[in-house]
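Trainee: Got a minute? I'd like to go through the strands in this one with you.
Mentor: Sure, pull it up and ask away.

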Amino acid sequence: MGKAVKVPEIKKEDNRMNMLTPFERSNYDIWGAFRDFEDSFFNSPTVSGCRTDIRDLGDRYLLESELPGFDKEDIHLDLDGDYLTVSAQHSTEKEDSDKNGNYLRRERSTSSYRRSFNIAACDGEKIDAEYRNGILTVTLPKKQEQQPAAKRLEIR
């Protein structure tokens, strides 16, 4: 038989276990770091987002997206299978120059937005959209539940 090996006992005062544990077990949320990153990145003032509200109106959904500064021609709605994608892109260019054509100021900016929505529960053929005063309103009628046709079954 092999020799018995004595395992050293770890006392409560011993901090060696704390060095091997990468984080405290109490009150640690591993996903918190990801949420903090997402909040700091996507909610920063330098990244503009599009606020979107979706309401259930019984027989249809109403999607309202705030797209201020975009022209109607800058906005596109694309339907691909069960996904509706809202995209918008806008570019501006300002140029101030002296009488010789030398720039005193020249600025360019581009803003874009893209977001997809799963619309499997909607009737894609009856979607309606309107853009007014910086708000895109998309009406998404719900699919009507198809009742199975009544029929008599043959007995073999």
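What follows is a chat about the sheets, their strand pairs and one turn.

Mentor: Keep in mind that this is a predicted model.

Trainee: Okay. In what order do the strands of the four-strand open sheet come?

Mentor: The order is β1-β2-β7-β6, with antiparallel pairing. At the edges you find β1 (52–56) and β6, and each of them pairs on one side only.

Trainee: And by how much are neighbouring strands of this sheet turned against each other?

Mentor: By 15° on average, ignoring direction.

Trainee: Let's zoom in. How many bridges join β2 to β7?

Mentor: Seven, and the two run antiparallel; β2 covers residues 60–66. If you want a spot to click on, Arg 60 has Pro 141 in β7 as its bridge partner.

Trainee: What about β6 and β7, how many bridges there?

Mentor: Five, again in the antiparallel sense. Ala 129 stands opposite Val 138 in β7, and Glu 130 has Thr 137 of β7 as its bridge partner.

Trainee: What holds paired strands together, generally?

Mentor: Strands of a sheet pair through backbone hydrogen bonds, in either a parallel or an antiparallel way.

Trainee: Back to β6 and β7. How many residues sit between them in the hairpin?

Mentor: Two residues. Asn 133 is in that turn, in the loop that links β6 (128–132) with β7 (135–141).

Trainee: What's special about the phi of Asn 133?

Mentor: The phi is positive, near 55°, and this is a residue other than glycine.

Trainee: Is Asn 133 buried or exposed?

Mentor: Exposed, because its relative accessibility is 76% and the cut-off for exposed is over 50%.

Trainee: Switching topic: what's the strand order in the three-strand open sheet?

Mentor: β3-β4-β5, and the pairing is antiparallel.

Trainee: Why is one side of β3 and of β5 left without a neighbour in the sheet?

Mentor: Because β3 (75–80) and β5 (103–118) stand at the edges and each has a single partner strand. As for the twist in that sheet, it averages 15° from one strand to the next.

Trainee: How many bridges are there between β3 and β4?

Mentor: Six, with β3 and β4 (residues 83–97) pairing in the antiparallel sense. Asp 78 is a residue to look up there: it stands opposite Thr 85 in β4.

Trainee: Great, I'll click through those pairs now.

How values were computed:
Residues are numbered from 1 along each chain as its sequence is written. This is a predicted model: local features need pLDDT of at least 70, side-chain atom pairs count only at pLDDT 80 or more; totals for chains, interfaces and linings use all residues. Side-chain values use heavy atoms; hydrogens and water are left out. Buried means under 20% relative accessible area, exposed over 50%, partly exposed in between (1.4 Å probe, protein chains only). Two strands pair if DSSP finds at least two bridges between them. Axes are lines fitted to C-alpha atoms, for helices over the stretch in contact, and angles run from 0 to 180 degrees between N-to-C directions.
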